[in-house]
Amino acid sequence: MSIIDNINKLFDHRIRLGIMSILMVNEKVNFKRLKELLEVTDGNLASHIKALEKSEYIVVEKSFIDRKPNTQYGATKLGRAAFKKHIEALENIIKRQMK
Amino acid sequence: MQKDYFKDLSEIKDLMNKSSRFISLSGLSGILAGSYALIGAGIAYLYILPSDVTIDHSANDSMIIYYLIVDLILIAALSIFSAIILTIKRAKSNEEKIWDATTQRLLLNFLIPLVAGGIYILIQAYQQNYSLSPALMLIFYGLALVNASKFTIGNVKYLGYSELILGLICAAFSGYGLYFWALGFGVLHIVYGALMLREEKRQ
């Protein structure tokens with residue numbers, strides 16, 4: 001088995017990797033905050049969130065604050081494990097190339 | 001190829017830091033808070049507290065407590081006010097947002113031990129148990145700092161540990177409360193502020 005197998009295709013994109021990085025250290029983050037941190041447009045962010053949601057790496061929680069919709073995102077156990085594996089793979093590749 | 005993965009890792013780190021850590025308080029606000037505390041402690045020593053403990057002061061005990069509380073509130077208000085002003089000023093020049101989810105979590109984590117401790121100290125004071133108040137203030141303030149330090153950059157954690165240890169020592173040596181209080185809230189803040197200021201200048 002090659003190390004490349006552990007590289008997660010889903011994380012091979014700057015924004016998806018970014019979303020996951022933020023959710024690893026924050027229990028719950030809302031859409032607006034993600035947008036602020038990643039500096040992306042609504043549509044762009046939404047499509048990447050969808051992709052992560054579909055793979056069950058993140059969960060979506062919809063609620064209302066003062067009757068305004070407030071959608072929060074969080075990483076699932078599966079997502080956390082996948083992200084960790086991906087980081088380890090990145091580190092391994094870099095280590096190999098340094099040799 | 002290699003460069004890309006390096007970039008990935010550094011971006012991950014950057015986002016993790018940016019999303020979870022609040023900009024730290026400036027060194028100057030630490031120095032100011034420490035100075036207010038020293039001045040306040042000086043006022044308490046010179047004008048409020050009885051100079052000779054052997055004389056019976058029970059008659060004006062409640063007045064002394066009243067003045068001490070006013071003194072404390074003034075120190076706290078001035079410290080908070082300067083910290084807010086300096087933080088806003090710095091955030092503006094760095095084009096950072098101040099009131100976001102991270103700040104709210106920082107404040108919440110800071111306030112939980114502090115408010116619980118404050119209420120406990122007041123309950124004890126109401127029952128005329130003042131002797132441990134300085135120690136308890138240091139201990140709960142230290143716990144609040146350690147608790148909040150998870151959301152900040154810098155060495156707030158070590159300031160918290162120092163306050164905590166000082167508070168415990170203070171509890172063991174009753175009668176020297178004011179000195180320990182001045183050391184913890186005055187000197188430690190100034191030392192911490194000076195160290196932070198040096199670091200800020202270096203950057």
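**Reading a two-chain model, feature by feature**

Mentor: Let's start with one residue: A:Arg14 has a relative accessible area of 43%, so it is partly exposed. Keep in mind that what you're looking at is a predicted model.

Trainee: Okay. Which residue does A:Arg14 meet in a salt bridge?

Mentor: General idea to begin with: side chains of opposite charge can pair when their charged atoms come close. Here, the side chain of A:Arg14 pairs with that of B:Glu11, with N and O 3.0 Å apart. A:Arg14 is part of helix H1 (residues 14-25) of chain A, while B:Glu11 belongs to helix H1 (residues 2-20) of chain B, so this salt bridge joins two chains. As for the partner, B:Glu11 is partly exposed because its relative accessibility is 23%, and the buried class only covers values under 20%.

Trainee: How many salt bridges are there over all chains?

Mentor: The count comes to 4. Another one links A:Arg33 to A:Glu36, where the closest N and O atoms are 3.6 Å apart. Those two sit 3 residues apart in helix H2 (residues 31-38) of chain A, which is about one turn of the helix.

Trainee: Is A:Arg33 buried or exposed?

Mentor: A:Arg33 is buried, at a relative accessible area of 10%. A:Glu36, on the other hand, is partly exposed at 28%. You can also look up the salt bridge between A:Lys35 and A:Asp42, with 2.8 Å from N to O. There, A:Lys35 is partly exposed at 32%, and A:Asp42 is partly exposed at 42%.

Trainee: Let's move to chain B. What does the secondary structure of chain B come to?

Mentor: Chain B has 7 helices and 0 strands. Read from the N terminus, its elements go α-α-α-α-α-α-α. Of its 203 residues, 37% are buried. And if you take the contacts in chain B with a separation of 6 or more, 77% of them come from residues 24 or more positions apart.

Trainee: How should I read a pair of helices?

Mentor: Two packed helices are described by the angle between their axes and the distance between the axes. Try helix H5 (residues 133-148) and helix H6 (residues 156-172) of chain B: their axes come within 7 Å and cross at roughly 160°.

Trainee: Are H5(B) and H6(B) roughly parallel or antiparallel to each other?

Mentor: Angles over 145 degrees count as roughly antiparallel, and H5(B) and H6(B) are therefore roughly antiparallel to each other. The crossing of H5(B) past H6(B) is left-handed. If you want to find where they meet, the residues on the H5(B) side include B:Leu138, B:Tyr141, B:Gly142 and B:Leu145. On the H6(B) side, look for B:Leu159, B:Gly160, B:Glu163 and B:Gly167, among others.

Trainee: What about backbone angles? What is the phi of A:Glu56?

Mentor: Most residues other than glycine have a negative phi, and most peptide bonds are trans. A:Glu56 isn't a glycine, yet its phi is positive, at about 60°. You'll find A:Glu56 in the loop between H3 and strand E2 (58-65) of chain A, and it is exposed, with a relative accessible area of 54%. Chain B has a case too: B:Gln128 is not a glycine either, and its phi is positive, about 65°. B:Gln128 sits in the loop between helix H4 (101-126) and H5 of chain B, and it is exposed at 56%.

Trainee: Which residues is A:Thr76 in contact with, leaving aside neighbours within four places in sequence?

Mentor: A:Glu56 again, along with A:Tyr57, A:Ile58 and A:Val59. A:Thr76 is in the loop between strand E3 (68-75) and helix H4 (77-98) of chain A, and it counts as buried, at 15% relative accessibility. Its side chain also reaches the backbone nitrogen of A:Gly79, at 3.0 Å.

Trainee: And where does A:Glu53 lie?

Mentor: In helix H3 (residues 42-54) of chain A. A:Glu53 counts as partly exposed, at 33% relative accessibility. Beyond its neighbours within four places in sequence, A:Glu53 is in contact with A:Ile58 and A:Val60. You can also check a distance here: the C-alpha atoms of A:Glu53 and A:Ala75 are 9.4 Å apart, with their positions 22 residues apart along the chain.

Technical notes
Residues are numbered from 1 along each chain as its sequence is written. Chains are lettered from A and ligands numbered from 1 in the order in which they are written. This is a predicted model: local features need pLDDT of at least 70, side-chain atom pairs count only at pLDDT 80 or more; totals for chains, interfaces and linings use all residues. Side-chain values use heavy atoms; hydrogens and water are left out. Helices (H or I, at least four residues) and strands (E, at least two) are DSSP runs, numbered from the N terminus. Buried means under 20% relative accessible area, exposed over 50%, partly exposed in between (1.4 Å probe, protein chains only). A polar contact is a pair of N or O atoms within 3.5 Å; within protein, one must be able to donate a hydrogen and the other to accept it, and residues adjacent in sequence count only if both atoms are side-chain atoms. Contact means heavy atoms within 4.5 Å. Axes are lines fitted to C-alpha atoms, for helices over the stretch in contact, and angles run from 0 to 180 degrees between N-to-C directions. Angles under 35 degrees count as roughly parallel, over 145 as roughly antiparallel, 65 to 115 as roughly perpendicular and the rest as oblique. A crossing is left-handed if the near helix is turned anticlockwise from the far one by less than a right angle, and right-handed if clockwise.
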